[in-house]
There are 2 protein chains.
Amino acid sequence: MLTLRRLPIDTFRENVAFLNRGCTGYHVEDFLGLGRVEVRGDGRSLLAVLNLVDDPAILGPEEIGLSQSAFRHLGLPEGSPVHLVPPTPPVSFDRVRDKVLGATLSPEDLRRIIADITDHRYSKIEIAAFLIACASFMTTEEVLGLTRAMVAAGARLDWDGVRPIVDKHCIGGIPGNRTSMIVVPIVAAHGLPIPKTSSRAITSPAGTADTMEVLANVDVPVERMQELVREARGCLVWGGHVRLSPADDILISVERPLAIDTREQLVASILSKKVAAGSSHLVVDIPVGPTAKVRSMAEAARLRKLFEHVGDQLGLSLDVAVTDGSQPVGRGIGPVLEARDVMAVLRGDPAAPADLRDRALLLAGRILEFDPAVRGGAGIAIARQILESGRALAAMERIMAMQGPPPAAATLGTLVAEIPSPAEGVVTAIDCFRIARIARLAGAPNDKGAGIDLLRKVGDPVRRGEPLYRIHARTGADFAFAQSFALEETGVSVAMP
Amino acid sequence: MLTLRRLPIDTFRENVAFLNRGCTGYHVEDFLGLGRVEVRGDGRSLLAVLNLVDDPAILGPEEIGLSQSAFRHLGLPEGSPVHLVPPTPPVSFDRVRDKVLGATLSPEDLRRIIADITDHRYSKIEIAAFLIACASFMTTEEVLGLTRAMVAAGARLDWDGVRPIVDKHCIGGIPGNRTSMIVVPIVAAHGLPIPKTSSRAITSPAGTADTMEVLANVDVPVERMQELVREARGCLVWGGHVRLSPADDILISVERPLAIDTREQLVASILSKKVAAGSSHLVVDIPVGPTAKVRSMAEAARLRKLFEHVGDQLGLSLDVAVTDGSQPVGRGIGPVLEARDVMAVLRGDPAAPADLRDRALLLAGRILEFDPAVRGGAGIAIARQILESGRALAAMERIMAMQGPPPAAATLGTLVAEIPSPAEGVVTAIDCFRIARIARLAGAPNDKGAGIDLLRKVGDPVRRGEPLYRIHARTGADFAFAQSFALEETGVSVAMP
């Protein structure tokens, strides 16, 4: 028997058990070859990766320490007596092994695998094995089975039978693409319920949640979110409180560091979240461009068909919009700058970026056509009318007021540098990756006022030495980093026409 | 800048960096989505998985802690100033991603991947991705490229141009199969140099290193091992000091917990070690049986051909022996019991297990035929003559004397239980997995005197209630576990003929 302790170490998604190397009562070596132990106590058990501690001040020989998430998953109080047994890997992993060797997985196989993953019974390397096996080859039926399994493994929002519940989703990758913050107020003003949850940026300079947080509180519990939608028809909140498709979050935590991103996993990931959120109708935005996630129209078509097929099978009314992803959208990149562009569009400011407005109108129009009362093809005109009449701005102000004030005031970074064009000509391309990288180096999204303000877009003429964009930052180190990186290679191509 | 500390935490093959959650000078969140950080200082750098610490008594906000192996890999002294940058995953991983999607890897791709793995630049999930991609499909050329890359990434033993340097390898899985301890003295007595390195058991009840350690010291540095072979023509040492094909050890540390074991990876793993050890001639033993690693003759033939093809390309003279793997070899299972069987064969004891002796003679005979002076087909007769004349025993005693006495005396476990046959009949099968499991539960290999002594083998008649085998153990808990597990299902099938 060992005494359970919670160690103040956060190992994130990986359950880790710590033993003193001189642990009493066990041959520690017995567990080393397998890399894991099974911890048991009071009818509960946990599989954990094994680490050893060589300092009794951290962990004594009669103790077992669990990392914070492992401690939570085991669910026993500190001081509980526990014992160790050789790990029994989850039975569902046998089918992962078969899949690696070419088998296809049945819906029931996928249900078991996803249930074990959700239950924290897979180590990270087992999750990686599952993801890689699926990345090499997946049938459409497997994508559907995986999506259903992910929905089944989590909670599902209930909208009391209200239909349609509409939503939009962009597959991402385009800086400044904050259409949701314009689409939601337009659709809500029209009266269709649109409960929009968004993520914070992880590798990009801003997520919709980061940008919305410049204007309002986004940290809203699920029950309050449902109230908001009942009252204001829409919301723009951070998705972190809505524990929908928890398997998806776990899979992504392994997918992201591997940067392995397949069409099949993308579709299962997005659609599982949307079905779990109770959406009945969905518009998916797929931007295509040389530096976007999807690089060709052929690739976009394959992705569209997979979305449509799986969506149909799940009973989701789904419309895919393939859009221009050849350059960032709007002018600002970074939360404060993007919020500025969004509000300019909503206010009808003549200087507001036309590309952001037109794109938001296109997507809102497509969503409005989910309303049976809207005549086919009339959606975009209704969307434009709602925007131009100021009703979208009023809806946005209502949503902001209901969500509450932002946790902290965010203002534009006051260290400003203009990056000059190294040549004369016309802007022919803007590299989404490079621009995002520079905005992040400047401090976005943690520093909400940091980022890039584009002064030239594709098609604009520029003279040598004229500014292409401004970098905003707050701290000297970030400012210097971003500037030197931008001067090395601006990310904006200029050529003589 | 952070101050470097070595934390007393052993995370094994995974480099882990620990930061205080309130770490000064960095936005910790920037690194969380990517799961890793790159630690830089004094021209050195290290990629490490990121964990957070919430107790300043373990790690302060101006410090960075590295796990023991990570600290060693970075190679800077404690107290060094280091800084963090976003991780740049190894460039070679791009090709792993391509392989996942169906590409084949060139020898140069494999060289770079294996060099980065050896250099501890891959996280465990990246290693898992590589292994799974290779497990789904690998061309013979890829197997060859992988083997060469693994050889190139490590040291290579130099035998001053002496040829042949012979070796044997069994792919494993059969309890009691300790032929090496008979083959080595026979071959050494004949005069062919046979530098045998062996592993300790990880999932089995005994490795050759564990069993040899009952008789002699096996913890021998490389230089001393080379001296032994020069003087005694052979040795039987633990391979842990010989850092050959270090990539293989790293790959195995991820393969084993996943229990994914392909023909291709097996061949690359074994042949890379043998080529790095400077072997010129090799006999590979492939036991086939219903509970062995290889279950059918067809499977054995495929494995044999792959060994032969890759061996030929590497300039290794390779002979494959497909042997009976239908039951354990000899009577004893566990280090002390196996050492007893081996010595009984070497001493010519009439009660020595005939199957162990015959198998060792077969393999030794095949190796002796690598000697150009031995007439084709004459090897086994020479091997028998060396064994029966006592020259093999003398060679073994010389090797034992030169390696030195064992670190501790090992005696047979004195808690003994006989497991009775539940039926009358003839033994028709013995389950290698179950017998190994029971021997491990009894305490083998950590308790060298624990294990199983088989009293009946396949073909032997047995009456109901007569003993099938004896369990030996030293501690009451192990004894009780092994006994109850054996009584539940003995692992020995008895049927009326």
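These exercises work through the domains, interfaces and unusual backbone sites of a predicted model.

**Exercise 1. Find the domains of chain A, then state how far apart the centres of domain 2 and domain 3 are.**

Step 1. Mark the bounds. Domain 1 of chain A covers 2-85. Domain 2 is written in two segments, 166-241 and 275-403. Domain 3 covers 415-495.

Step 2. Take the centres over C-alpha atoms. Those of domain 2 and domain 3 of chain A are 26 Å apart.

Step 3. Count the residues in contact. Domain 2 of chain A brings 29 residues and domain 3 of chain A brings 22 residues.

**Exercise 2. Describe the area buried between domain 2 and domain 3 of chain A, and say which residues of domain 2 lose the most area.**

Step 1. Begin with the total. About 1,900 Å² is buried between domain 2 and domain 3 of chain A. Carbon and sulfur atoms give 58% of that area.

Step 2. Look at the domain 2 side. A:Thr291, A:Gln327 and A:Arg331 lose the most area to domain 3. Together they make up 30% of what the domain 2 side buries.

**Exercise 3. Characterise the polar links between domain 2 and domain 3 of chain A, then the make-up of the domain 2 side.**

Step 1. Count the salt bridges. There are three across this domain interface.

Step 2. Test a pair, A:Glu213 and A:Lys448. Their closest N and O atoms are 2.9 Å apart. The cut-off is 4 Å, so the pair forms a salt bridge.

Step 3. Count the polar contacts. Eleven residue pairs qualify, with both residues at pLDDT 80 or more.

Step 4. Assign elements. On the domain 2 side, α8 (208-215), β13 (332-333) and α13 (335-347) of chain A give two or more residues each. The largest share, four residues, comes from α13(A).

Step 5. Sort by class. The domain 2 side has 13 nonpolar, ten polar and six charged residues.

**Exercise 4. Describe the interface between chain A and chain B by area, polar links and elements.**

Step 1. Count contacts. Here 45 residues of chain A touch 45 residues of chain B.

Step 2. Give the area. The two chains bury about 3,900 Å² between them. Carbon and sulfur atoms give 64% of it.

Step 3. List the polar links. There are two salt bridges across the interface. B:Asp10 pairs with A:Arg21 in a salt bridge, with 2.8 Å between the closest N and O atoms. Polar contacts link twelve residue pairs, both residues at pLDDT 80 or more.

Step 4. Assign elements on the chain A side. Those supplying at least two residues include β2 (9-10), β5 (44-53) and α10 (246-258) of chain A. The most, nine residues, come from α5(A).

Step 5. Sort by class. The chain A side divides into 25 nonpolar, nine polar and eleven charged residues.

Step 6. Check strand pairing. β2(A) joins β5 of chain B through two bridges, and the strands run antiparallel. A:Ile9 has B:Val53 as its bridge partner.

**Exercise 5. Locate two cis peptide bonds and a non-glycine residue with positive phi in chain A.**

Step 1. Inspect A:Arg163 to A:Pro164. This bond is cis, with omega near -5°. A:Pro164 lies in the loop between α6 (140-152) and β8 (166-170) of chain A.

Step 2. Inspect A:Ala444 to A:Pro445. This bond is also cis, with omega near 5°. A:Pro445 sits in the loop between α17 (432-441) and β16 (451-454) of chain A.

Step 3. Check phi at A:Phe12. The value is positive, about 60°, although A:Phe12 is not a glycine. A:Phe12 lies in the loop between β2 and β3 (16-20) of chain A.

How values were computed. Residues are numbered from 1 along each chain as its sequence is written. Chains are lettered from A and ligands numbered from 1 in the order in which they are written. This is a predicted model: local features need pLDDT of at least 70, side-chain atom pairs count only at pLDDT 80 or more; totals for chains, interfaces and linings use all residues. Side-chain values use heavy atoms; hydrogens and water are left out. Domain bounds come from an automatic or database domain assignment. Contact means heavy atoms within 4.5 Å. Buried area is the accessible area (1.4 Å probe) that two parts lose on being put together, summed over both. A salt bridge is a side-chain nitrogen of Lys or Arg within 4 Å of a carboxyl oxygen of Asp or Glu. A polar contact is a pair of N or O atoms within 3.5 Å; within protein, one must be able to donate a hydrogen and the other to accept it, and residues adjacent in sequence count only if both atoms are side-chain atoms. Ala, Val, Leu, Ile, Met, Phe, Trp, Tyr, Cys and Pro count as nonpolar, Asp, Glu, Lys and Arg as charged, and the others, Gly among them, as polar. Two strands pair if DSSP finds at least two bridges between them.
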